[in-house]
Every structure is written in structure tokens, then in C-alpha cells.
Amino acid sequence: MKCRRCRQRAVIDLKSHNTAFCADCFFVFVERQVRRAIKEHQMCSRRDRILVCVSGGKDSLALWDLLLRLGYRAEGLYIDLGIEDYSRRSREKVEAFVQGRGLELRVVSLEEEGFPIPELARRNRRAECSVCGTVKRHYFNRVAAEGGYDVVATGHNLDDEAGRLLGNLLHWQWEYLSKQSPVLPGVGEALVKKVEPLCRLTERETAAYALLRGIDYQLEECPMSRGATSLKYKEVLNLLEDWMPGTKAAFYQGFLKNSEIFRRETDQAPLESPSSFRCSQCGQPSLAEICNFCRLTNPT
Ligand code: SF4
Ligand SMILES: [Zn+2]
Ligand SMILES: [Zn+2]
């Protein structure tokens, strides 16, 4: 198998693009996909201060590496979820990545905040992933807003977004469909813009990128993810992808082209003025008087 660009020996074949690349040409391909996503969706500029949310996994560390290589001002945020040894090992991977490169990293420890995810889930009699999502969203925005960042970037890839889309469509979740986008605009200084620059790359591609770049990432999955429905949707899409390469990208890109339909149907009022929509306890943007995060962490 030869590289499509330079005819050297290829190290990865990409059936969905009907091509194969050597390591150097694969890096060119990956950087091009990220540049294209950023440009197409006007995610960020080189003047912006970007806060990259890193978990220690392949996607978020590859994202941080890519943004820096492409000349963006990117700093990291690691949220230590307090999940058994998994969180400790993930944090070690992030710290090793930072040390080798002399980068700026912010850390929030939920153990120190008084509500590690397993305990918070037990207290609220809720599934770990549902409380985890709320807590992470809260800190992503709060740390970014307080630190004066312009953009929050997460490592969601094409598999994540296509899987989420499939789930939302299967259950006709109109509200979620109307909000699903690789860019969520910011509002004022309180709600920081959120972007997903890896949305054109599959999980296999980000894993190959991290591996070929020598990024040492957390291979273990979070123990709470066992049996998660989102993984089932990804499995189904992988079966379709094996059968018809390119299906995943066509499915998600087609949705992005037509996503206006879902916005029209739900007819949502945008959060125009966040100063009048603040949680009375933590001051973060919220349509309710007390936000979901405060309801979870300070139950009355
Ligand atoms: S699997 Fe669930 S608990 Fe684990 S990091 Fe993801 S959302 Fe959080
Ligand atoms: Zn090549
Ligand atoms: Zn609050």
C-alpha cells in the first residue's frame, strides 16, 4: 500500500476517503481537516485565547497538539472527576503532555470541591454520566469566563457527533437536534463560545494521529461508560461504515447542511442578555433561578 501523496509506504488507509497515507502526509491530511472545520464554522481566530478541555484521552490531547501546531493560542483545562484510579491515571497523562511542552494548564479537582462524580451521583440518585455532563459544562464555561478566554474547545470527533445525532434522531429529540452544532456561539462575557474542531475526523483518525505523533494518552475508558447507550449508537454506525465507507461523514455533514430545519421547528428564544439570566447562587448563565449545577451540588 502506497501513500497517495508521495508514493512512500503508507501507514494508514482511509477507506472513507478512498486513500492511504504515510505518517507525514497523514499529518497534512489531519491538519487540513481541522483547518477546514475551523474555517467552515468560523470557530476561532489566531487572536483568540482558547481553553482546551483535556481529559487525558487521545482526542483532547491531539486537539491541543493540533491547535498549537496550527498557530493558535491554546491553554488547557483538566477536570479531575474523582473517579477511582481512572482519574489519577488520566491526570498523569495530561501532566506529562504539559511538562514536555511547557504549556499552561488549569486543574479543577472535584474531590477538593467536595463532590467527586460517584458521590454526587449517589447523593442525587442519578446516573454518573448525567451529573458528570452538567458539572463539566459548568466548569468549562466558568473557568473560561473567569479566565477571560474567548473560546472553549472540546475534543468531540466525528464518531461522537454522528452517534449523538443518531440517538437524537431515533428519539426525535427536537430540542437537542436544534442545539447540535460544532459551534455554540457565546453571549456577552458570561457564556463563552464552544467549538469542536475535530468534528471532521473519526475516532480512528484521531487515535492514529496521537499514536504517530508519540502522544502518550489514556487508553482506558472511563469505568462509568460501560453499557452507555452512546457507545451502542457508535457501534451501529461503525457497522454501517464497514459496509459503506463514508456513511458516518455523509450522515453528519448532511445534517449540518440541513440543521436549519430543526432550529425553525423548535423556534427557540435565544439567550440574548445573559446578565438577566443568571443563576442566583453561582452567577453562571441559567434560564432557571437556580441552575442545574447548583441544584445538584447544593440540594435543598
Ligand atoms: S463516561 Fe460518564 S462519568 Fe465517565 S467521563 Fe464520560 S460522562 Fe463522565
Ligand atoms: Zn506520503
Ligand atoms: Zn448555579
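Here are five short exercises on this predicted model, each with a worked solution.

**Exercise 1. Work out how the protein's radius of gyration compares with that of a compact globule.**

Start with the chain length: there are 300 residues, and for that number a compact globule would have a radius of gyration near 19 Å. Now look at the protein itself, which has 19 Å, so the two agree. For the outline, the C-alpha trace spans about 65 × 45 × 40 Å along its principal axes. Next, count secondary structure: you'll find 13 helices and 8 strands. Then check burial, where 37% of the 300 residues count as buried. Last, take the contacts with a separation of 6 or more: residues 24 or more positions apart account for 67% of them.

**Exercise 2. Find which residues surround ligand 1, and which helix gives the most to that shell.**

Go round the ligand and list what you meet: L81, I117, E128, C129, C132, G133, C222, M224 and S225. Sort these shell residues by character and you get 6 nonpolar, 2 polar and 1 charged. Now ask where they sit. Helix α6, residues 128–146, is the top contributor, with 4 residues in the shell.

**Exercise 3. Decide whether the buried residues of helix α3 line one face or are scattered around the helix.**

First, the helix itself: α3 runs over residues 84–101. Its 18 residues reach 28 Å from first C-alpha to last, close to the 26 Å expected at 1.5 Å a residue. Second, pick out the buried ones, which are S87, S90, R91, K93, V94 and F97. Viewed down the axis of α3, these fall within an arc of 155°, so they line one face of the helix. Third, turn to the face pointing away from the buried side, where D85, R88, Q99 and G100 are exposed. Fourth, see what covers the buried residues: β3 (49–54), α2 (58–69), β4 (73–80) and β5 (105–109) are included. One more thing to spot is G102, just after α3, with a positive phi of about 60°.

**Exercise 4. Do the same for helix α10: check its span, then place its buried and exposed residues.**

At 1.5 Å a residue, the 15 residues of α10 (229–243) should span 21 Å. The end C-alpha atoms are 22 Å apart, which agrees. Now for burial: Y233, K234, L237 and E241 are the buried residues here. They cover an arc of only 100° around the axis, which puts them on the same side of α10. Flip to the other side and you find T229, E235, L239, D242 and W243 exposed. As for packing, the buried residues of α10 sit against α7 (158–170) and α11 (247–258).

**Exercise 5. Classify V151, N18 and W172 as buried or exposed.**

Take V151, which belongs to strand β6 (residues 151–153). It has 23 C-beta neighbours inside 10 Å, and since 20 or more is the mark for buried, V151 counts as buried. Leaving out residues up to four places away in sequence, V151 touches C44, D48, I50, V192, K193 and V195.

Now N18, in the loop between β1 (12–14) and β2 (19–21). With 10 other C-beta atoms within 10 Å, N18 is exposed. Its phi is near 55°, a positive value in a residue other than glycine.

Finally W172, found in the loop between α7 and α8 (174–179). W172 has 8 other C-beta atoms within 10 Å, so W172 is exposed. Although not a glycine, W172 has a positive phi of about 45°.

Note on methods
Residues are numbered from 1 along each chain as its sequence is written. Chains are lettered from A and ligands numbered from 1 in the order in which they are written. This is a predicted model: local features need pLDDT of at least 70, side-chain atom pairs count only at pLDDT 80 or more; totals for chains, interfaces and linings use all residues. A residue is near a molecule or strand if its C-beta atom, placed from the backbone, lies within 6 Å of it. Helices (H or I, at least four residues) and strands (E, at least two) are DSSP runs, numbered from the N terminus. Ala, Val, Leu, Ile, Met, Phe, Trp, Tyr, Cys and Pro count as nonpolar, Asp, Glu, Lys and Arg as charged, and the others, Gly among them, as polar. The radius of gyration is taken over C-alpha atoms; the globule rule is 2.2 Å times the number of residues to the power 0.38. A residue is buried if 20 or more other C-beta atoms lie within 10 Å of its own, exposed if 12 or fewer, and partly exposed in between; C-beta atoms are placed from the backbone. Two residues are in contact if their C-beta atoms, placed from the backbone, lie within 7 Å. The expected span of a helix is 1.5 Å times one less than its number of residues. The arc is that of the directions from the helix axis to the C-beta atoms.
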